[in-house]
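Let's take a walk through this protein together, one piece at a time. Keep the sequence and the 3D view open while you read.

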Amino acid sequence: MAYINDNFLKLKAGYLFPEIARRVKVFQQSHADAKIIRMGIGDVTEPLPPACVTAMHNAVDELARRETFRGYGPEQGYDFLREAIVKNDYLPRSCEVAADEVFISDGSKCDGGNILDIFAKDNSIAVMDPVYPIYVDTNVMAGHTGDADASGEYGGLTYLRCNPENNFTPDLPGKSVNLIYLCFPNNPTGAVASKQTLAKWVDYARSNDAIILYDAAYEAYITDPAIPHSIYEIPGARDVAIEFRSFSKTAGFTGVRCAYTVVPHTLMGKSKDGQQVSLHKLWNRRHNTKFNGVFYAVQRGAEATYSPEGKQQVRALVDFYLANAKIIRESLTQLGLKSYGGVNAPYVWVQTPGKASSWDFFDRLLNETHVVTTPGSGFGKSGEGFFRVSAFNSRENVLEAMQRLKRCI
Ligand code: MLT
């Protein structure tokens, strides 16, 4: 019999979103007529921007003709998309990013897990708490942690506590760590980081020879002009940070699948024998070996988000979800619930009433209102006593869900 990767046995619970889906399914079995409103997983509901649809149709038509047919594309992504990203996402913010530092992929979740291929097992790792569960679970699977304790926290990880007292932006670790996961605008709390805050982390990483894994998947939701959209807006970040971005929550590509990761040439790690090694080279090698690129038509669709009409349509989508977030936040505040986020992010982070536990309140909302949320404790210990409401839904559903909550709280 083949041996398994024992690290999987350390995982405490099923992955958060499938666990929610499982509970909802059980509920549905005994409440077949319930009209369930899903505000749990942050999955988009609105149709794709027309500019993307046209570009994808045209690309498929190209593939249908011998003269314009394409087979394997470049593993790292087509130049037309890598260049459009640099021109539109980085140059206007004076970020120094070259097109060949941008790696196109099928998702930030995938990249966030796969990036561990290029890092050793013995790095000390810091994660925000509450945290997008991918960062923790993929480290557990890769054998980078010890066992979980009774509270579900894994040995060897440094948890950076985020709470209302620190505006959900953590303090620097009291010790030296090698890898730091930061996510702003934050999933799940919706918190953002100012330039000063990010500069503090870049300084820390530079002085401690650490690498920051910066998840900026929700940057399009930033409404405050003073908030940086990229970590590369901070001087010196090119030497210490990898940035993850996605078309999922901007152009509604959660099902289409397209994202990108920036790995600057200047970023170095070290080998066991102390040599400096380019992380860009390693990631490129990994891409060449394990990935065959994103579907051509999808990359054309992503490129279309940067056309004048594509930009307008994406902006309209983001504004639509932000307006949902405002409705959610204001409605919950009116109900006397302490709510955070939802201003520069599509998530509203809410304290449960009466100190109810996150899962108890999740079950109560599901049973009494048929509204699905995400229990805060699913994101870590500091998420206990909170729940997350996703603004990704139709306006009709958001308004209906808020009415139902009014009757229950
Ligand atoms: C979430 O709900 O946290 C996100 O949809 C998860 C993801 O983007 O993978």
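Start with two neighbouring strands: β7 and strand β8 (residues 259–262) run antiparallel and are joined by four bridges. Strands and helices here are DSSP runs, numbered from the N terminus, with at least two residues (E) for a strand and at least four (H or I) for a helix. Two strands pair if DSSP finds at least two bridges between them. Before going on, keep in mind that this is a predicted model: local features need pLDDT of at least 70, side-chain atom pairs count only at pLDDT 80 or more, and totals for chains, interfaces and linings use all residues. Residues are numbered from 1 along each chain as its sequence is written, and side-chain values use heavy atoms, leaving out hydrogens and water.

Now zoom in on those bridges. Glu243 sits opposite Val262 in β8, while Arg245 has Tyr260 of β8 as its bridge partner. β7 also has a partnership with strand β6 (residues 211–215): these two run parallel, again with four bridges between them. Here Glu243 turns up once more, as the bridge partner of Tyr214.

How many residues of strand β7 (residues 241–246) are buried? Six of its six are, so to speak, tucked away, where buried means under 20% relative accessible area, exposed means over 50%, and partly exposed is in between (1.4 Å probe, protein chains only). Ala241, Glu243 and Arg245 point one way from β7, and Ile242, Phe244 and Ser246 point the other way.

Step back and you can see the whole sheet. It is an open sheet of seven strands in the order β2-β8-β7-β6-β5-β3-β4, and its pairing is mixed. At the edges are β2 (102–105) and β4 (157–161), each pairing on one side only. Neighbouring strands in this sheet are turned by 20 degrees against each other on average, direction ignored; the axes behind that value are lines fitted to C-alpha atoms (for helices, over the stretch in contact), and angles run from 0 to 180 degrees between N-to-C directions.

Stay with β2 for a moment, and look for Ser105 there. Ser105 counts as buried because its relative accessibility is 1%. The side chains of Ser105 and Asp111 are joined by a polar contact of 2.8 Å. A polar contact is a pair of N or O atoms within 3.5 Å; within protein, one must be able to donate a hydrogen and the other to accept it, and residues adjacent in sequence count only if both atoms are side-chain atoms.

For a change of scene, find His31 in the loop between α1 (16–30) and β1 (37–38). His31 is partly exposed because its relative accessible area is 31%. Its side chain reaches the backbone oxygen of Phe27 at 2.9 Å.

Last stop: the ligand. Among the residues surrounding it are Phe17, Ile41, Tyr132 and Arg388, picked out by having a heavy atom within 4 Å of the ligand. An oxygen atom of the ligand is 2.6 Å from a polar backbone atom of Gly42. Ligand oxygen also lies 2.8 Å from an N or O atom in the side chain of Asn187.
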